[in-house]
4 protein chains.
Amino acid sequence: MEPRAEKLIRTSVPALDEILGQPFKVLDDGLIRVVDYMGDDNAVVQAARVSYGAGTRKVSDDRGLIRYLLQHRHTTPFEMCSLKLHLRVPMDAWRQWVRHRTASINETSTRYSLAIDSTQTTQSDQWRIQATDNKQGSDGWLDSDRGADLTRAENAFQSEAKRVYNERLELGVAREQARKDLPLCTYTEAYWKMDLHNLLHFLALRMDSHAQKEIRDYATIIGREIVSRWVPLTWEAFEDFRFQGTHFSRIETDILAANGAGDTEQAVAIARDAGWLKPSKKGGLIRSRERMEFEAKLDKLNLPVPWRV
Amino acid sequence: MEPRAEKLIRTSVPALDEILGQPFKVLDDGLIRVVDYMGDDNAVVQAARVSYGAGTRKVSDDRGLIRYLLQHRHTTPFEMCSLKLHLRVPMDAWRQWVRHRTASINETSTRYSLAIDSTQTTQSDQWRIQATDNKQGSDGWLDSDRGADLTRAENAFQSEAKRVYNERLELGVAREQARKDLPLCTYTEAYWKMDLHNLLHFLALRMDSHAQKEIRDYATIIGREIVSRWVPLTWEAFEDFRFQGTHFSRIETDILAANGAGDTEQAVAIARDAGWLKPSKKGGLIRSRERMEFEAKLDKLNLPVPWRV
Amino acid sequence: MEPRAEKLIRTSVPALDEILGQPFKVLDDGLIRVVDYMGDDNAVVQAARVSYGAGTRKVSDDRGLIRYLLQHRHTTPFEMCSLKLHLRVPMDAWRQWVRHRTASINETSTRYSLAIDSTQTTQSDQWRIQATDNKQGSDGWLDSDRGADLTRAENAFQSEAKRVYNERLELGVAREQARKDLPLCTYTEAYWKMDLHNLLHFLALRMDSHAQKEIRDYATIIGREIVSRWVPLTWEAFEDFRFQGTHFSRIETDILAANGAGDTEQAVAIARDAGWLKPSKKGGLIRSRERMEFEAKLDKLNLPVPWRV
Amino acid sequence: MEPRAEKLIRTSVPALDEILGQPFKVLDDGLIRVVDYMGDDNAVVQAARVSYGAGTRKVSDDRGLIRYLLQHRHTTPFEMCSLKLHLRVPMDAWRQWVRHRTASINETSTRYSLAIDSTQTTQSDQWRIQATDNKQGSDGWLDSDRGADLTRAENAFQSEAKRVYNERLELGVAREQARKDLPLCTYTEAYWKMDLHNLLHFLALRMDSHAQKEIRDYATIIGREIVSRWVPLTWEAFEDFRFQGTHFSRIETDILAANGAGDTEQAVAIARDAGWLKPSKKGGLIRSRERMEFEAKLDKLNLPVPWRV
């Protein structure tokens with residue numbers, strides 16, 4: 001490093017400065033605002049170059065270096081950037097959010113202050129049906145007649161919740177106790193600060209199609225509207241290498257290799273050894289999650305499934 | 001270190017083994033159970049001796065060493081022990097609990113499973129009054145007539161909450177969405193694993209009289225019933241040095257020293273320079289939080305307040 | 001969870017108990033010993049079941065569940081297990097080791113105690129040649145004549161280092177200062193405690209062929225000799241899904257899909273858009289790290305490289 | 001929170017901007033430079049107010065609030081600020097530095113690059129004598145005649161170390177192996193990013209008189225030259241409440257209270273129960289570290305030692 005060559009003004013990102021403090025609306029009454037940030041794509045590069053030294057200069061330009069770092073799961077250069085957001089989120093989604101332990105958080109306290117007088121509401125066409133193939137997910141929407149009933153019941157219940165909360169406060173109950181029956185979907189606010197490496201991990205999990213819709217809505221805005229403006233090269237690399245890639249296990253790799261070599265017999269043998277091809281009593285193969293996930297990947301890649309003839 | 005001298009069987013603590021898996025009841029329907037643990041007082045000593053070397057052998061016996069480590073805020077030897085608990089806690093208290101980010105947590109998911117059919121209820125003599133001198137606390141109890149009304153309203157509201165939840169499920173709404181209006185005090189369960197250093201920090205904050213009663217009830221059991229059995233020397237040192245000690249700031253230290261030297265004038269001058277002794281318009285001194293906290297400490301120590309004559 | 005059904009004795013793993021305290025030799029004078037542990041494969045399963053609830057019982061047996069958790073990068077159930085090792089490692093390798101920040105560490109202090117009187121030495125056939133294609137690696141060995149010269153010089157230098165250190169101590173120099181010129185390869189000892197999730201991350205990086213040989217030797221023993229005994233199902237899943245898998249980026253996935261569909265033209269077009277196929281002035285294609293890594297993966301899978309005809 | 005009232009430009013601290021990128025010299029060839037930062041005193045206040053709500057507005061002005069937060073060990077508001085430094089430090093001190101695990105670090109790699117051609121050298125009047133009352137410390141300086149001999153030997157040894165390193169490189173040994181005998185005091189460089197809460201913890205430990213002189217020199221500059229400019233209110237509160245305060249244990253508090261009440265007998269009884277007053281065979285009291293540390297505190301406060309008559 002040559003200290004003198006270092007520039008003497010702070011990193012700033014005009015594209016992010018433009019939206020600083022501007023609220024992005026989420027759900028019916030949620031929001032996300034950028035409060036502050038530190039670093040940019042260049043800070044990632046700068047940190048990598050100090051670590052990996054002069055050698056990295058030859059490897060590639062900045063974009064190539066960032067792609068290399070993300071592909072090979074180098075993490076510390078991305079920690080050199082931080083983002084601080086102001087959030088307004090239903091507590092229900094917030095319960096998932098705070099499980100990301102590397103963030104710094106200051107949340108509105110409902111011991112010190114009154115709870116925010118807002119709960120997430122559901123329109124009649126937004127009630128989601130329990131998925132049958134995915135224990136944790138939803139699949140499609142209820143018809144809006146039933147939905148309208150549910151929405152009416154939701155409104156009535158939320159009004160009653162407010163009445164109960166306010167009644168307690170009026171009678172002098174401590175705020176810390178009065179809040180105990182607030183609905184989980186009551187909005188809360190927080191400052192949330194995260195470094196870029198851990199933020200990308202958050203986004204990989206929470207923008208994923210398996211994440212619950214509510215937190216996915218937040219994560220998608222953070223990713224596509226905020227991070228993409230802040231660190232565009234890192235964002236592009238994240239989408240390519242982390243978010244939209246395909247992973248094959250050792251077994252899958254071996255089957256692909258046998259398949260590629262035209263040795264279908266060997267490919268089938270590997271799958272059989274893995275216990276994927278046991279016959280079901282009803283005919284066909286028994287249900288095997290691993291086999292089915294692999295078949296889905298083969299289909300996506302337009303590659304033949306060796307045991308389907 | 002002499003590898004051969006090391007004992008070859010795992011550390012175990014008979015006093016803790018005796019209560020392994022046994023539920024401690026907390027609140028109306030909560031519980032704490034020890035599921036597993038690693039290490040004991042001796043593991044703390046062993047780790048300290050490898051760090052601080054042969055020299056520490058002379059310093060003192062094990063008890064003295066543990067006291068020294070705690071007094072001087074050495075932290076890593078205490079990290080060598082871990083405790084794993086099974087908890088059943090209202091989500092409201094759990095929201096505070098999960099803010100301790102160094103724990104490992106597996107909580108029941110209400111996306112995968114039905115919510116636990118239990119909410120924290122309040123008896124008629126348990127409604128706490130909002131404290132006036134402490135924004136975040138409570139002070140005393142409502143009379144039980146009003147309490148009885150509040151308890152009836154709580155019961156009715158919680159029944160309605162269940163009905164709404166079950167109605168949604170019956171109509172096919174996804175569990176992840178049906179739960180959105182559950183009361184905050186709905187019980188949840190979790191495995192919670194923490195190392196001893198961070199556990200003591202948790203206990204220092206959550207056994208404190210300023211902590212909310214609900215989480216304080218849990219913390220007190222973890223401290224007095226579980227940690228005290230598991231690592232009795234560490235627990236004793238924690239009580240002496242961390243939980244029941246007194247801390248004086250630089251200003252307070254300077255005033256104490258002037259006072260001790262009999263120089264009341266100097267003691268008063270230091271307080272005045274700190275802005276503690278400004279006259280109020282109504283007579284007397286203005287309200288100063290720092291001065292008042294110091295006066296309370298002097299009173300506790302039976303030491304004179306220099307500016308009170 | 002049904003508290004009563006919980007077993008009341010601590011988890012233990014006989015296969016690991018057998019080697020408790022037994023030193024595994026590493027390098028010329030290093031060692032690894034298991035001091036203590038908490039949890040086993042079953043603790044992972046237990047934690048997952050509390051999180052994902054009754055639903056997971058149907059998904060699969062324990063082995064299938066562990067495989068599912070590892071494949072889909074669920075992390076918290078693996079945090080429920082911890083391993084505590086006693087290590088003796090050259091400080092040079094230790095400098096890399098301590099970069100894993102989630103571990104708890106107590107290292108011998110060379111302020112309190114004398115430095116360990118042992119340095120890593122190199123036999124004449126162990127001098128590695130700087131790799132040319134990999135800035136950070138080595139490739140092959142120096143001939144043993146040159147090696148013998150280097151080893152003699154190493155011995156002489158290490159003797160001189162000891163002499164200098166001891167001379168300072170004899171003259172009364174403080175240990176904390178006397179140590180300043182000790183060679184980086186001086187052995188140090190430590191207790192090192194890590195949870196299983198972070199341990200697997202450590203092993204994925206440090207057992208990798210790109211890791212430096214010294215730390216790789218340690219990691220390989222921890223993985224293949226210790227973790228494999230401790231949590232055999234987790235270890236098998238780790239090898240299959242993390243350590244020996246193959247990852248394709250979005251671009252690579254798109255090319256594979258075009259290739260699979262027989263549309264070589266489209267496959268080539270994707271690569272061209274990615275900037276992989278620019279002609280070099282000398283003929284052939286310009287050097288592109290991403291393209292070359294992909295070609296290597298295609299070769300491994302016996303799949304054709306679309307732009308090679 | 002009222003989103004609209006939020007200012008839309010990033011926090012900046014002119015007093016810190018002035019020294020951005022400017023190297024502070026440390027030791028003979030070390031340096032510290034501020035590369036970037038996020039937040040300021042106001043960001044601490046802003047985060048506290050969102051947590052503790054409207055109520056905190058009355059408590060006090062910003063300075064009072066920051067003092068309150070530091071006194072009562074509130075931590076999260078201070079995490080909202082981050083500092084990024086460029087450091088040049090001997091690896092020996094760096095070994096202590098990296099034990100602070102909450103930092104983000106990118107260090108020069110001596111696998112990728114050549115080691116920095118600089119080692120910390122010691123002038124003839126800088127050789128410190130091993131302390132006798134403090135196993136880990138030093139106390140005074142060797143006379144400069146002996147010092148001159150040691151410095152000559154140091155120079156010769158460091159030259160030899162360079163020769164050995166360069167000889168290996170010239171013969172083609174891999175950088176990762178050639179470095180193995182570099183002296184611990186070889187300089188390394190790094191970017192180091194830390195949030196303000198954890199930075200204050202680092203400073204409390206490393207500016208302390210028990211810290212080794214080398215790292216104390218760095219910490220003192222970071223504290224007094226950098227943090228004091230960056231967050232002056234936080235720095236003042238840190239000095240008052242954390243760095244220069246006095247802490248009394250439960251036993252000490254009880255003795256102080258008995259003493260204050262004029263009950264010397266009771267004060268002595270408490271000390272006796274604590275095992276502090278056992279007679280020594282040689283006459284006088286046995287050595288008791290806890291008693292002696294308490295006596296030192298009493299002396300500092302000009303308070304009488306009850307058992308000294």
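In this predicted model, Pro183(D) is the residue of chain D that comes closest to the rotation axis, its C-alpha lying at 2.3 Å. Chain D is superposed on chain C by a rotation of 180 degrees with 0.0 Å of shift along the axis, at an RMSD of 0.0 Å; the fit is by least squares on the C-alpha atoms of residues with pLDDT of at least 70 in both copies. The two copies are thus related as by a two-fold rotation axis. The same surface serves both copies, as 100% of the contact residues of chain D recur in chain C.

Two residues count as in contact if their C-beta atoms, placed from the backbone, lie within 7 Å. The contact takes 41 residues from chain D and 41 residues from chain C. On the side of chain D that touches chain C, the following elements give two or more residues each; helices (H or I, at least four residues) and strands (E, at least two) are DSSP runs, numbered from the N terminus.

| Element of chain D | Residue range |
|---|---|
| strand E5 | residues 128-130 |
| helix H7 | residues 144-170 |
| helix H8 | residues 175-178 |

H7(D) provides the largest share of this side, 10 residues.

The predictor gives the complex an ipTM of 0.92 and a pTM of 0.95. For chain A the mean pLDDT (the predictor's confidence in each residue, from 0 to 100) is 92, and 94% of its residues reach 70 or more.

Residues are numbered from 1 along each chain as its sequence is written, and chains are lettered from A and ligands numbered from 1 in the order in which they are written. Local features need pLDDT of at least 70 and side-chain atom pairs count only at pLDDT 80 or more, whereas totals for chains, interfaces and linings use all residues.
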